[in-house]
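The following exercises are to be worked with the sequence and the 3D structure at hand. Each task is followed by a solution in steps.

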Amino acid sequence: MTMVNSIGSFLLTVGLSAVATAACTQQAQQQRHSGPLDFKKHTLTTEFISEGVAVADVNNDGHTDIIAGARWFEGPDWQNVHDIYHEEQVFDGTTGYSNSMLNFTIDVDQDGWIDYIRVDFPGQQVWWYRNPGTDGGYWEQHVIAQAASNESPAFVDIDGDGRNDILCGDPNTGEMVWFRCPSEKGDTTWNRYAISRKDMPGTAIFSHGLGFGDINGDGRGDVVIKQGWWEAPADPTQPDWVFHPAELGLDCAQMYVMDVNGDGYADVISSSAHRYGMWWYEQGRDPAGRTTWKLREINSDYSQTHALSLVDLDNDGDMDLVSGMRYFAHQGHDPGESFPPTIFWLEFIPGDRPAWVMHIIDEDSGVGLNNVVEDVNGDGLLDIVVANKKGVFYFERISAGDHE
C-alpha cells in the first residue's frame, strides 16, 4: 500500500503555534460568523462535570433529557437536575480531568427504560448504569470493560444487529476489541471480541483516532485508526482481522469514512486532537493499481478539535462537520489554548474540489470528547449538545422566525 504526503509537513504549514493562527484575522472571523443556521444557547451548568454528553428520554415523559457525567438534566427546561451515581461529580479543569470522557445511551436490558454508558478516563473502565425507572434513586453500576484505551472509543453497530456496541483498545493486551451490546431482553452480558493481534497501534492508553466505516466497499464496517485500518470479515466476531497499514494523520479525534469527492473510493475524515488542523485523506489508486492516500486540508483555524461529528446539519443532503476547541484540553499547554473556546460547523460543498465553509456557533463553550447532534426538542431541526471544562451546553437550532 502506497502512502502519500506527510501530515507532519502539513501541520507545519497550518500552524503549530499561535503565531501561525494569527493569519486568521478578526475580519475573516466576522465574515464567517453569519452562517445560514441560527442557534439559541442554553447553559445547563458552568461546573466541570464531564467531557462526554448523551441525550435520551430518561424518565419516559416524552421529553428528551441530557446526561453528562454523574447528572441528568430533565427536559424540556433543564431546571430539575438528578444524580445518577454518588461519586465525585465536579472537577478542577485547571489541574486535571474528569472521570467521564464519553457518554452514550441505550436500553441495555430492554426493560423499556433507557440506560447510560460512561467511558471513564483512558485506561480505566467503561461502565453502564441501569435506569431505576419509577423506583428512583441511584442507578446500578455495571462494568462493560475493565480497561479501555484510545481517547475516542466508539459506540457503533459492529455486527449489524441494530444495537450499538463499544469499540476501543485494550491497554493490557494491545488488542483492538469490541464489546457486543446484549440483544436479548433481560440479558446484560457484554461479550468481548478481539479484532486484532496483540501489541497493535491505536491501542495504547492515550492513543488518538478511531473510526468505523466501509473502507473497501464490500458492505462491511471496517475499523480505522491513524496508522491504518482493519478489514472486517463476514463474521465480525472472528479474531485477527486483516490489517492494512496507511498513513492517516497525527493524533486525531473521531475518524469518519465517506466518499468525499464522489470518485467511488471511501475517504477518511478526521481532526487534530491537540494541535491545529482538520483534514481528509483521499483514497485512490496509482498506475499499478495500488492504494494511495493523499492528504487534503479542511480547515486550519482552530486547535484541539477533539470532538468531531459528521452529520447533515442543514438538511441539504450533504454531510457537514460539527466540531470546536476542547477548552483547556491540556490545562493550557496546547497550541491555541488562549483562543476563545469556539464551537462551529463546517458546511460541506460537494464537487470535483470539495470544500467546507466555516460557520461559528459560539465562542464561549467549545467541545469535549464527544458531541450530540440530534433533534432534542422534537421540532424537526438538529440541535447540538456538548459538555466540557466550561460546563454543559445545549444549542437549540431555531428558525429565522424564532428570534427573540
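**Exercise 1. Determine whether strand β20 is enclosed or open, and identify its partners.**

Step 1. Nine of the 10 residues of strand β20 (residues 276-285) are buried, so the strand is largely enclosed by the rest of the structure. Buried means under 20% relative accessible area, exposed over 50%, and partly exposed in between, with a 1.4 Å probe and protein chains only. Strands (E, at least two residues) and helices (H or I, at least four) are DSSP runs, numbered from the N terminus.

The model is predicted: local features need pLDDT of at least 70 and side-chain atom pairs count only at pLDDT 80 or more, whereas totals for chains, interfaces and linings use all residues. Residues are numbered from 1 along each chain as its sequence is written, and side-chain values use heavy atoms, with hydrogens and water left out.

Step 2. Strand β19 (residues 267-271) runs antiparallel to β20, and four bridges join them; two strands pair if DSSP finds at least two bridges between them. The two strands form a hairpin with four residues between them.

Step 3. β20 also pairs with strand β21 (residues 291-303), in the antiparallel sense and over nine bridges. Five residues lie between the strands in this hairpin, where Gly 289 takes a positive phi near 85°.

Step 4. Tyr 281 links the two pairings: this residue is the bridge partner of Val 268, and Leu 295 in β21 is the bridge partner of Tyr 281.

**Exercise 2. Locate the largest nonpolar core and state which strands supply it.**

Step 1. A nonpolar core is a set of buried Ala, Val, Leu, Ile, Met, Phe, Trp, Tyr and Cys residues joined through side-chain atoms within 4.5 Å. In soluble globular proteins, nonpolar side chains tend to be buried together.

Step 2. The largest core has 21 residues, and those touching the most other members are Phe 104, Ile 117, Val 126, Ile 144, Ile 166, Phe 179 and Trp 190.

Step 3. At least two residues of this core come from each of β6 (102-106), β7 (115-119), β8 (126-130), β9 (140-145), β11 (165-170) and β12 (175-180). The largest share, three residues, belongs to β6.

Step 4. A second, separate core holds 17 residues, among them Met 278, Tyr 302, Leu 310 and Leu 321.

Step 5. In β6, five of its five residues are buried. Leu 102, Phe 104 and Ile 106 point one way from the strand, and Asn 103 and Thr 105 the other way. β6 pairs with β7 in the antiparallel sense over five bridges, and Asp 115 is the bridge partner of Ile 106.

Step 6. Beyond its neighbours within four places in sequence, Trp 190 is in contact (heavy atoms within 4.5 Å) with residues including Ile 117, Ile 144, Ile 166 and Phe 179.

**Exercise 3. State how much space lies in the largest pocket and what lines it.**

Step 1. On a 1 Å grid over the protein atoms alone, a pocket is an open set of points with protein on both sides within 12 Å along at least five of seven lines, and lining residues have an atom within 4 Å of a point; a cavity is a set of points where a 1.4 Å probe fits but cannot get out. Grid points are joined across faces, edges and corners, and a volume is the space filled by probe spheres set on the points.

Step 2. The largest pocket holds about 700 Å³ of space. It is lined by 33 residues, and the closest to its centre are Phe 104, Phe 155, Tyr 256, Ser 309 and Asn 371.

Step 3. The largest share of this lining, five residues, comes from β10. By class, the lining has 22 nonpolar, nine polar and two charged residues. Here Ala, Val, Leu, Ile, Met, Phe, Trp, Tyr, Cys and Pro count as nonpolar, Asp, Glu, Lys and Arg as charged, and the others, Gly among them, as polar.

Step 4. One cavity of 30 Å³ or more is found in the whole structure. The largest cavity contains about 40 Å³, and strand β10 (residues 149-156) gives the largest share of its lining, three residues.

**Exercise 4. Compare the backbone and burial of Asp 199 and Gln 331.**

Step 1. Most residues other than glycine have a negative phi, and most peptide bonds are trans.

Step 2. Asp 199 has a positive phi of about 60°, and Gln 331 has a positive phi near 55°.

Step 3. Asp 199 is exposed, with a relative accessible area of 70%, whereas Gln 331 counts as buried at 16%.
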